[in-house]
Amino acid sequence: MLIAFESIRGATLAGIDDEVGTILDLLIDTDQWLTRHLVVDTGKWLSGRRVLLPPSILGQRDWQQRAIAVKLTKQQVKDSPHVDSNQPVSRRMEAELFKHYDVPAYWGPAGVSMAAGGPTGMPMSAHVPDEEQQEVEEELPNLRSAKEIRNYSIEATDGDLGHVEDLIVDDETWAIRYVVVDTKNWLPARKVLISPQWVESISWSETTVSINMTREEIKNSPEYDPLTPINRGYEEHLYDYYGRERYWLP
């Protein structure tokens, strides 16, 4: 199912023995446009502490109730490695998290990334020489906050297009399927979707997303209605308009 980040944010995580918190943010690998971690606010039971949870521990979703089951107890969450919200997430920190939750890492030997639909990730230590493992552990993965990306400016090849209003997430793979663009800067009350795979570059310092499309192309593209669920028919129409390869085909 494709669902907006705005609908994911604030969803309750129901653990094995009790609620463990609410989703505050997503940390996205912008090289692959995949969600690597959920940032969870544990509320009062852990004095407002925030923890990172890998999407692989998520169970059944109930978006009408805005609740997701997680295969964890409150004690497991309490004992998770400390995350400093003021520091970038390092590969070493990720390795500690995956070890604690007993789930495979999303990268392969020597830090090779495993994209969604590719080979299963493996534990950090599997078949990796000590010197290479040390090098990988010190890497800083390219993770960005979904909340940060929202409100970035969108630049077409011929000028300002609008801003990022939301992100559309596939709740099976946790891939970011679409960027919601609000064009109200020059097209009142119009929203459109673009695939992050069509993004040419991102300037983190200037908070700008550049796409290799003209404003006229965007102006005539299929309009997006946030109140209407995205179905395959709409996606077919969108990809036909842009003449792009569909992500769901082999």
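Guide: Two strands count as paired if DSSP finds at least two bridges between them. The model here is predicted.

Visitor: What makes strand 2 and strand 7 a pair, and in which sense do they run?

Guide: Strand 2 (residues 12-14) is joined to strand 7 by three bridges. The cut-off is at least two, so the two strands pair. They run parallel. One bridge sets Leu13 against Ile68 of strand 7.

Visitor: How do you know that strand 6 and strand 7 pair?

Guide: Three bridges lie between strand 6 (residues 58-62) and strand 7, and the sense is antiparallel. Asp62 has Ala67 as its bridge partner in strand 7. The two strands form a hairpin with four residues between them. Arg66, in the turn, has a positive phi of about 55°.

Visitor: Which residues make up the covered face of strand 7, and which the uncovered one?

Guide: In strand 7 (residues 67-70), Ile68 and Val70 form the covered face. Ala67 and Ala69 form the uncovered face.

Visitor: Why is the contact of Glu6 and Arg9 called a salt bridge?

Guide: The N to O distance between the side chains of Glu6 and Arg9 is 3.2 Å. The cut-off is within 4 Å, so the contact qualifies as a salt bridge. Glu6 and Arg9 also belong to a network of salt bridges with Arg150. A search of the whole structure finds 12 salt bridges.

Visitor: Why does Glu6 count as partly exposed?

Guide: Glu6 has 35% relative accessibility. Partly exposed lies between under 20% and over 50%, so Glu6 falls in that class. Arg9, at 29%, counts as partly exposed as well.

Visitor: What makes the contact of Glu223 and Arg190 a salt bridge?

Guide: The distance is 3.4 Å, N to O, between the side chains of Glu223 and Arg190. That is within 4 Å, so it is a salt bridge. The pair links distant parts of the chain, 33 residues apart. Glu223 sits in the loop between helix 6 (215-219) and helix 7 (232-242). Arg190 sits in the loop between strand 11 (176-182) and strand 12 (191-194).

Visitor: Is Arg190 buried or exposed, and how do you know?

Guide: Arg190 has 14% relative accessibility, which is under 20%, so it counts as buried. Glu223 has 45% and counts as partly exposed.

Visitor: Why are Arg232 and Glu235 separated by about one helical turn?

Guide: Arg232 and Glu235 are three residues apart in helix 7, and therefore about one helical turn separates them. Their side chains meet in a salt bridge of 3.0 Å, N to O. Glu235 is buried, with a relative accessible area of 2%. Arg232, at 39%, counts as partly exposed. Arg232 also lies over the face of Trp248, at 4.1 Å from the ring centre.

Visitor: Why is the aromatic pair of Trp198 and Tyr239 called edge-to-face?

Guide: A search of the whole structure finds 12 aromatic pairs. Trp198 and Tyr239 form one of them, at 5.4 Å centre to centre with 70° between the planes. The centres lie within 6.5 Å and the angle is over 60 degrees, so the pair is edge-to-face. The pair links distant parts of the chain, with Trp198 in the loop between strand 12 and strand 13 (199-203) and Tyr239 in helix 7, 41 residues apart. Trp198 and Tyr239 are both buried. Ring pairs link them into a cluster with Tyr178, Tyr241, Tyr242, Tyr247 and Trp248.

Visitor: How do you know where Arg144 lies with respect to Trp204?

Guide: Arg144 is placed over the face of Trp204, at 4.1 Å from the ring centre. The distance cut-off is within 6 Å, so 4.1 Å meets it.

Visitor: What volume does the largest cavity have, and which residues line it?

Guide: The largest cavity holds about 40 Å³ of space. Its lining is Trp33, Ile149, Ile154, Val164, Leu167, Val179, Val199, Ile202 and Val209. Strand 10 (159-170) and strand 13 each supply at least two residues of that lining. The structure has one cavity of 30 Å³ or more.

Visitor: How many residues line the second largest pocket?

Guide: The second largest pocket has 20 lining residues, and Leu27, Val39, Ser85, Gln87 and Val89 lie nearest its centre. Its space is about 420 Å³.

Terms used:
Residues numbered from 1 in each chain as written. Predicted model: local features only at pLDDT ≥ 70, side-chain atom pairs only at ≥ 80, totals over all residues. Heavy atoms only, no water. Buried < 20%, exposed > 50% of the residue type's maximum accessible area, 1.4 Å probe, protein only. Phe/Tyr/Trp six-rings, centres within 6.5 Å; stacked < 30°, edge-to-face > 60°. Lys NZ or Arg CZ within 6 Å of the ring centre and 35° of its normal. 1 Å grid on protein atoms, 1.4 Å probe; cavity = no way out; pocket = protein on both sides within 12 Å on 5 of 7 lines; lining within 4 Å. Points joined across faces, edges and corners; volume = space filled by probe spheres on them.
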